[in-house]
Amino acid sequence: MGHATVNQAHEFVSLRRRIGAMHRLWELASASMTLEQVNHFERPGVLPITFSLLHFVRSEDNNISNLVLNESTLWEQGGWRARVGATVDAVPRGTPMAIA
């Protein structure tokens, strides 16, 4: 087994562990919440929990699909925008929240 292959295997194991840890955190954080709580809008400038959860999921999907697998995202492949009823367009990274 070549040196690069060993490093790639270690990187894969590390990535897999970190993704698993994030999934466990999301599950623990949201397991006892109702749909109403997750979607609660407190006031302008404070994002609902749903925003953060979707941000985490979409970021993971983008990174794994595009950078690791070199394919389109599961979000795109599965038509998830329509399935979840997303009604706003994606905005480029770094767009100020007041505009986004």
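**Entry 1: V38**

I looked up V38 and found a relative accessibility of 12%, so I wrote it down as buried. The cut-off I used for buried is under 20% relative accessible area. I note here that the model is predicted. V38 sits in helix α2, which covers residues 35-39. I then asked which residues V38 is in contact with, leaving aside neighbours within four places in sequence. I found M33, P48, I49, T50 and L53. I also looked up the C-alpha separation of V38 and S52, and it is 9.8 Å. The two residues are 14 residues apart along the chain.

**Entry 2: D61**

I moved on to helix α3, where D61 has its place. Is D61 buried or exposed? Its relative accessible area is 11%, so I entered D61 as buried. Not counting residues up to four places away in sequence, D61 touches N66, T73, L74 and W75. I looked up one of these, L74, by its C-alpha atom as well. The C-alpha atoms of D61 and L74 are separated by 6.5 Å, and the residues are 13 apart along the chain.

**Entry 3: S65**

I stayed in helix α3, which covers residues 49-68, because S65 is found there too. S65 has a relative accessibility of 3%, and therefore counts as buried. I listed its contacts, again without residues up to four places away in sequence. They are N70, E71, S72, T73 and L74. L74 and T73 are also touched by D61.

**Entry 4: N70**

I picked N70 from the contacts of S65. Where does N70 lie? I found N70 in the loop between α3 and α4. N70 is exposed, because its relative accessibility is 68% and the cut-off for exposed is over 50%. I also looked up the backbone angle phi of N70, which is near 55°. I marked this down as a positive value in a residue other than glycine.

**Entry 5: Q77**

I went on to helix α4, residues 74-77, in which Q77 lies. Q77 has a relative accessible area of 47%, so I entered it as partly exposed. Leaving out residues up to four places away in sequence, Q77 touches E71 and S72. I had already met E71 and S72 among the contacts of S65.

**Entry 6: the salt bridge**

I looked for salt bridges next. How many are there? The count comes to 1. The side chains of E42 and R43 meet in it, at 2.7 Å from N to O. I added a general note: side chains of opposite charge can pair when their charged atoms come close. I then looked up how exposed each partner is. E42 has a relative accessible area of 52% and is exposed. R43 has a relative accessible area of 44% and is partly exposed. The two residues get separate labels because exposed means over 50% relative accessible area.

**Entry 7: the nonpolar patch**

I looked at the surface for nonpolar side chains. Which residues form a nonpolar patch there? I found M22, L25, F56 and V57, with about 330 Å² of accessible area together. The elements that give two or more residues to this patch are α1, residues 3-30, and α3. One of the patch residues, L25, is found in helix α1.

**Entry 8: the largest pocket**

I finished with the largest pocket, which has a volume of about 1100 Å³. I counted its lining at 28 residues. Which of these lie nearest the centre of the pocket? I wrote down F51, L54, D89, A90 and V91. The elements that give two or more residues to the lining are α3 and α5, with α5 covering residues 80-84. α3 gives the most, with 7 residues. Helix α3 also came up in my entries on D61 and S65, and again in the entry on the nonpolar patch.

Methods
Residues numbered from 1 in each chain as written. Predicted model: local features only at pLDDT ≥ 70, side-chain atom pairs only at ≥ 80, totals over all residues. Heavy atoms only, no water. Helix = DSSP H or I, 4+ residues; strand = E, 2+ residues; numbered from the N terminus. Buried < 20%, exposed > 50% of the residue type's maximum accessible area, 1.4 Å probe, protein only. Contact = heavy atoms within 4.5 Å. Patch = residues over 30% accessible without salt bridge, like charges linked within 9 Å, V, L, I, M, F, W, Y side chains within 5 Å. Areas by Shrake-Rupley, 256 points an atom, 1.4 Å probe, with all protein chains shown as cover. Salt bridge = Lys/Arg side-chain N within 4 Å of Asp/Glu carboxyl O. 1 Å grid on protein atoms, 1.4 Å probe; cavity = no way out; pocket = protein on both sides within 12 Å on 5 of 7 lines; lining within 4 Å. Points joined across faces, edges and corners; volume = space filled by probe spheres on them.
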